[in-house]
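I opened this notebook page to look up the salt bridges. The entries follow in the order I made them.

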Amino acid sequence: MKKILLSLLVTSFLLACKDAEVEKYLAQINKLDANLDSSSALLEATQIDSTGRVIRTVRDRILIVKNHYKGGDTIDIKVGNLVDGYKSIRKTLARNGKIPAKLKEAIPQAKEDLANLRHDISNGINEREEYALFVQNETNKVSQINTLLTEFINTQAKALHKFDSLHPIMVDFTDKMIK
């Protein structure tokens with residue numbers, strides 16, 4: 001009788017520990033899900049619509065330089081650096097412009113994966129010993145998404161700041177060429 005009582009006590013203790021583990025995993029999943037919601041909102045708040053306008057503006061100003069520069073066979077170093085810096089804005093924004101589409105695809109996919117994992121853990125599907133690995137994999141995915149989003153926002157901000165500083169100089173330079 002004592003052995004049965006002791007075995008029931010040990011079993012209930014082990015089950016309580018497993019339930020606490022499951023709750024810990026579910027809490028981590030909820031935190032990751034909230035993190036993805038924040039990332040999605042941040043992506044939507046980032047002004048991507050001005051990028052196309054900036055790229056067109058840079059392209060148009062570079063075309064004016066190509067068509068109207070009358071500096072002979074050689075280009076002044078200062079002018080060359082100005083034009084190269086201005087061109088780099090277009091290239092940076094064009095490369096960076098592909099990232100939002102990747103993020104808009106990756107965030108819902110990660111949310112779906114988290115929902116599936118939450119369902120599996122809640123219902124005891126798969127091996128309990130592997131739950132930590134599954135949660136870690138999803139944590140890594142969310143971390144990659146956040147890193148890509150941060151890189152996108154920083155690159156976008158730097159390119160737009162560079163545009164804001166070089167554009168008035170370029171406008172002045174190209175307007176003088178046209179006249």
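**Salt bridges, looked up one by one**

Entry 1. I began with an acidic residue: D33 has a relative accessibility of 19%, so D33 counts as buried, the cut-off for buried being under 20%. I note that the model is a predicted one.

Entry 2. I then looked for the partner of D33. D33 forms a salt bridge with K111, and the closest N and O atoms are 2.6 Å apart. The pair links distant parts of the chain, with the two positions 78 residues apart: K111 sits in helix α4 (residues 99-122) and D33 in helix α1 (residues 2-45). K111 has a relative accessible area of 25%, so I put K111 down as partly exposed.

Entry 3. I asked how many salt bridges the structure holds. The count is 7. I wrote up some of them here, including the one between K111 and D33.

Entry 4. Next I took the pair E138 and K141, which form a salt bridge with the closest N and O atoms 3.2 Å apart. Both are in helix α5 (residues 131-178), and because they are 3 residues apart, about one helical turn separates them. I checked the accessibility of each partner. E138 is buried, at 8% relative accessibility, whereas K141 is partly exposed, with a relative accessible area of 32%.

Entry 5. I stayed with E138 and asked which residues it touches, not counting those up to four places away in sequence. I listed L32, A110, D113, L114 and L117. E138 itself is placed in helix α5, and I recorded its 8% relative accessibility, that of a buried residue, beside the contact list.

Entry 6. I moved along helix α5 to K176 and D172, which lie 4 residues apart, about one turn of the helix. D172 forms a salt bridge with K176, and I noted 3.4 Å between the closest N and O atoms. Are these two partners buried or exposed? K176 counts as exposed, at 58% relative accessibility. D172 counts as partly exposed, at 41%.

Entry 7. Last, I looked for salt bridges that share partners. Such bridges join D33, D37, K111 and R118 into one network. I had already met two of its members, K111 and D33, as a salt-bridged pair.

Key: Residues numbered from 1 in each chain as written. Predicted model: local features only at pLDDT ≥ 70, side-chain atom pairs only at ≥ 80, totals over all residues. Heavy atoms only, no water. Salt bridge = Lys/Arg side-chain N within 4 Å of Asp/Glu carboxyl O. Buried < 20%, exposed > 50% of the residue type's maximum accessible area, 1.4 Å probe, protein only. Contact = heavy atoms within 4.5 Å.
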